[in-house]
Amino acid sequence: MLAVCALLLGLLLLLHDHLTDRAGLGSLVETFLPWCGLFVPVLLAAALWRRSASAVVALLLPAFAWVSLFGGLLLDKSEAGGDLTVVTHNVAAENTDPAGTARQLARSGADLLALEELSDEARGTYEKELAQAYPHHTVQGTVGLWSKLPLSDTRPVDVLRGNVGPAAQKRQREHPEQVPVDPPRALRTTVATKKGPLAVYVAHLGSVRVMPRGGFWTQSRDAGATKLAQAVADEQLERVVVLGDLNGTTDDRALSGLTSRLTSAQADAGDGFGFSWPAAFPMARIDQILVRGLDPKSAWVLPETGSDHLPVGARLSW
């Protein structure tokens, strides 16, 4: 039985992309896929206690699979240097200290600071606290970008409705006239750098939910990811940065349209997994810095603020 469990664990790690996504199962597993490695020492302890040589041998499969998938993330791949520092943070609409959060983020020294889940009440506070460090900024709906460099050609990006769950969809079908229009949850702007224009996208994709009957509900997030990936694919500028809370990890198949075109700064130049959510006990990296035409030099997670997410940053070079 232990040997069978070990083999099944190894197959799950190796073939997770073939797992059905019915009720969001595949997406849920891929969100927490690195944690599957914890089962290896548990099974090993059980195999040694039972003195099962076959189970020990079978454990070579999941151990190899986990190392091949995530072993590289355990190494510090950061390098010195970098032309541009970027930080992204879901500041949380319920954040009770937006002023303190803004001051803490300003001390990061980021050239570009992307904020998601900006509430109408807190927007003015962020604009006031960040004005001195960031002379240029734009806010589109609930997302914004503060910059030390000039911005131009700014526009919202349609990533569909953000906070739409099954109940809201039912209301929309029955009473479409009563459904409010959500504010934009993504933007695109051009940053004027010394080495040429840079296209920057800031996005907050739809939430995911565990539904009692529907399983892991990801419909809004998945549709938004498709729309954002198409916008990036259509982007004319060579250099692109995507910043934001994508409500998914780079292992999640729903983000494959983005991860197939862009490079994760954390995967290329980070130290460790860089988990960013939830802030109290980070278990997944759903806050992403993805790039095209740029070379990540380092990536890191910043200290906790008043949000349920941790800020993440990266230094990039041309």
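User: Which hand does the crossing of helix 1 and helix 3 have, left or right?

Analyst: Helix 1 and helix 3 cross in a left-handed way (the near helix is turned anticlockwise from the far one by less than a right angle; clockwise would be right-handed). Helices here are DSSP runs of H or I with at least four residues, strands are E runs of at least two, and both are numbered from the N terminus. Bear in mind that this is a predicted model, where local features need pLDDT of at least 70 and side-chain atom pairs pLDDT 80 or more, while totals for chains, interfaces and linings use all residues. Residues count from 1 along each chain as its sequence is written, and side-chain values use heavy atoms, without hydrogens and water.

User: At what angle do helix 1 and helix 3 cross?

Analyst: Two packed helices are described by the angle between their axes and the distance between the axes. Helix 1 (residues 2-14) and helix 3 (residues 39-50) cross at roughly 160°, with axes that come within 10 Å (axes are lines fitted to C-alpha atoms, for helices over the stretch in contact; angles run from 0 to 180 degrees between N-to-C directions). Helix 1 and helix 3 are therefore roughly antiparallel (over 145 degrees). On the helix 1 side, L2, C5, A6 and L9 make the contact; helix 3 brings F39, V40, L43, A46, A47 and R50 (contact means heavy atoms within 4.5 Å).

User: And how do helix 6 and helix 7 pack?

Analyst: Helix 6 (residues 98-106) and helix 7 (residues 120-130) meet at an angle of about 35°, their axes 9 Å apart. This crossing of helix 6 and helix 7 is right-handed. P98, A99, T101, A102, R103 and A106 of helix 6 touch A122, T125, Y126, E129 and L130 of helix 7.

User: Now the sheets: in what order do the strands of the open sheet with strand 14 run?

Analyst: The order is 3-4-2-1-14-13, six strands with mixed pairing (two strands pair if DSSP finds at least two bridges between them). Strand 3 (136-140) and strand 13 (295-301) are the edges, each pairing on one side only. Neighbouring strands of this sheet are turned by 15° on average, direction ignored. Inside, strand 2 (residues 112-116) and strand 4 (residues 143-147) pair antiparallel over five bridges, and A114 has L145 of strand 4 as its bridge partner.

User: What about the sheet that holds strand 5?

Analyst: That open sheet also has six strands and mixed pairing, in the order 5-6-7-10-12-11. Its edge strands are strand 5 (151-156) and strand 11 (263-264). Strand 11 runs antiparallel to strand 12 (residues 287-292), joined by two bridges, with S264 opposite L290 in strand 12. Helix 9 (residues 219-233) lies across strand 7 (196-204), strand 10 (240-245) and strand 12, at about 175° to strand 7.

Methods: Angles under 35 degrees count as roughly parallel, over 145 as roughly antiparallel, 65 to 115 as roughly perpendicular and the rest as oblique.
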